[in-house]
Amino acid sequence: MTTMILVLVGVLLLLWRARRRRGGVYLVDYGCFLGEPRHRVPFATALEHGRLMTNLLDEESTNFMVRLHAKSGIGEETSVPDSFRYIPPESGIEASREEAELVIFSAVDKAFAAATGLVPADDIGTVILACSFTTPTPSLADVVVRRYGLRADVRSVNLSGMGCSGALIAIGLAKNLLRVAPPGSRVLIVATEILSSMLYTGRKREMLVPNVLFRMGAAAIIMSNSPEKARFRLGPIVRTLTAARDGDYRCAFQEEDDEGITGINLSKDLPVVAANALKGHLVAFGLAVLPTSELLRVAISFINHKIINKFFTTTKDSNNNYYRPGFHRLFQHFCIHPGGRRVLDEVQRGLGLTDDDMEASHMTLHRFGNMASSSLLYELAYIEAKGRMRKGDRVCMISFSPGIDCSSVVWECIKPTDHHLHHGPWAACIDRYPVQLPKIVKRTA
């Protein structure tokens with residue numbers, strides 16, 4: 001009887017281990033678009049261009065964007081599409097197609113070059129492309145299928161309207177598909193935002209902000225349900241959405257201004273709304289990734305604050321006495337969406353991170369600007385280009401988008417590489433980073 005029980009237990013363990021192996025999802029490799037010198041847009045060039053477009057931008061709007069740029073933390077080497085260099089700028093479908101093909105094909109080419117031995121036409125079973133504001137027909141996902149001659153049974157998915165969380169949402173979708181796919185299946189994810197269709201030429205300040213922050217970029221990721229040749233293992237994915245609340249739903253809203261010009265209206269309440277959404281997201285994220293010991297400390301702190309302090313403490317600052325979980329001890333690297341310096345500062349405070357933890361995010365914003373959801377892969381490339389990634393290191397990625405949609409993804413490095421040191425988007429400039437960012441001086445009344 002005992003022998004039979006031991007055999008049964010052994011079989012169950014083998015089945016459990018086999019199921020666990022089948023359920024694993026991995027990042028094989030990735031690639032990022034890098035603009036050429038002709039795509040570079042120094043501040044002086046942008047300012048001169050803006051002042052020449054007097055029929056589109058008045059002096060007050062231009063001066064507002066100048067002040068905003070001075071506080072943005074964006075440097076002098078970011079890239080914009082060729083369509084922006086015309087007066088007036090081109091915003092038609094052809095300009096968008098040209099930009100899309102430029103950035104998407106470059107990123108995908110680099111991803112396949114990094115993932116040596118993969119043949120696109122044979123190995124890719126699914127294509128997921130995330131782009132919020134440009135949705136041509138055929139879709140951009142089908143553009144990728146045509147370009148690389150992918151097989152007839154390939155599945156293509158085009159995600160629109162997902163904003164700066166698009167890449168992490170696509171990773172979650174890829175995970176679900178790979179969990180039920182045959183062993184050895186691979187998914188190609190492309191994340192981008194096409195600026196040619198996004199330029200706002202009106203006068204409403206809340207809608208001018210994206211003109212200052214967004215820049216051209218794209219990233220491609222190859223994922224698999226096989227650990228063969230993989231570099232990262234996918235960990236927990238957490239997504240929270242607060243769109244049921246009216247204030248959150250409208251805090252970043254695409255609409256037409258009073259003159260009928262389309263743009264993205266960023267509410268003045270956005271920082272407060274985003275901070276509140278982040279708090280709720282961190283609770284869900286903490287439950288998914290924190291060890292039991294940390295969760296117990298948080299629970300004890302909450303009970304202490306709500307019950308004990310309520311009756312025995314009279315200090316006014318008791319709201320600041322909550323125990324802060326040690327996220328910085330759980331992860332070696334952080335990739336936070338570079339939506340702006342204020343966004344990064346809020347996340348740093350919420351997670352209790354150090355300036356070193358935020359380095360990749362701030363430097364990506366400085367060198368490349370806000371490239372929507374693809375930005376997170378540029379941050380990962382920064383960490384690798386610095387030679388800081390080690391086997392077993394855990395990476396936490398966090399992004400935000402209108403809704404408000406907060407997404408988090410965890411990766412564990414299983415195979416460090418020096419490829420991105422020599423061939424990634426930071427190869428030509430990594431020795432100059434990190435740079436010292438100018439301090440923001442707050443105006444006093």
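## Salt bridges

A salt bridge is counted here when a side-chain nitrogen of Lys or Arg lies within 4 Å of a carboxyl oxygen of Asp or Glu. The model is a predicted one, in which local features need pLDDT of at least 70 and side-chain atom pairs count only at pLDDT 80 or more, while totals for chains, interfaces and linings use all residues. Residues are numbered from 1 along each chain as its sequence is written, and side-chain values use heavy atoms, with hydrogens and water left out. The salt-bridge rule gives a count of 15.

Arg-231 and Asp-29 form one such pair, with an N to O distance of 3.5 Å. This pair links distant parts of the chain: Arg-231 sits in the loop between strand S5 (218–224) and strand S6 (232–241), Asp-29 belongs to strand S1 (residues 26–32), and 202 residues separate them. Helices (H or I, at least four residues) and strands (E, at least two) are DSSP runs, numbered from the N terminus. For burial, a residue is called buried under 20% relative accessible area, exposed over 50%, and partly exposed in between (1.4 Å probe, protein chains only). Arg-231 counts as buried because its relative accessibility is 3%, and Asp-29 is buried at 4%.

Asp-405 and Arg-239 form a salt bridge in which the closest N and O atoms are 2.6 Å apart. Distant parts of the chain are again linked, since Asp-405 lies in strand S11 (residues 405–413) and Arg-239 in strand S6, 166 residues apart. Asp-405 is buried, with a relative accessible area of 3%, whereas Arg-239 is partly exposed at 45%. Through shared partners, salt bridges join Asp-29, Arg-231 and Glu-384 into one network.

## A partly exposed pair

Another salt bridge joins the side chains of Arg-38 and Glu-36, at 3.2 Å from N to O. With a relative accessible area of 44%, Arg-38 is partly exposed. Glu-36 is also partly exposed, at 42%.

## Negative surface patch

Which residues gather in a patch of negative charge on the surface? They are Glu-90, Glu-94, Glu-98 and Glu-101. Patches are built from residues with over 30% relative accessible area and no salt bridge, where like charges are joined within 9 Å and nonpolar side chains (Val, Leu, Ile, Met, Phe, Trp, Tyr) within 5 Å. Lys and Arg count as positive and Asp and Glu as negative, while His and the chain ends are not counted. The place of a charge is taken as NZ of Lys, CZ of Arg, CG of Asp or CD of Glu. Accessible areas come from the Shrake-Rupley method with a 1.4 Å probe, and for residues only the protein chains shown count as cover.

Within this patch, Glu-98 is found in helix H4 (residues 93–114). Glu-98 counts as exposed because its relative accessibility is 55%.

## Helix H15 and its flanks

Helix H15 spans residues 375–385 and is mostly covered, with eleven of its eleven residues buried. The buried residues include Tyr-378, Glu-379, Tyr-382 and Glu-384. Glu-384 is also a member of the salt-bridge network with Asp-29 and Arg-231. Just after H15, Gly-387 takes a positive phi of about 70°.

On the other side, Ala-372 is placed in the loop between helix H14 (359–368) and H15. Phi of Ala-372 is near 55°, a positive value in a residue other than glycine. Ala-372 counts as buried because its relative accessibility is 0%.

## Backbone exceptions

Most residues other than glycine have a negative phi, and most peptide bonds are trans. Lys-229 has a positive phi near 65°. Lys-229 is found in the loop between S5 and S6 and is partly exposed, with a relative accessible area of 45%.

Where are the cis peptide bonds listed here? A cis bond joins Thr-137 and Pro-138, with omega about -5°, and Pro-138 is found in the loop between strand S2 (126–130) and helix H6 (140–147). The bond from Gly-403 to Ile-404 is also cis, with omega near 5°, and Ile-404 is placed in the loop between strand S10 (394–401) and S11.

## Cysteines

How many disulfides does the structure hold? The structure holds zero disulfides, a disulfide being a pair of cysteine sulfur atoms within 2.5 Å. Cys-131 is buried, with a relative accessible area of 1%. Cys-429 is buried too, at 4%.
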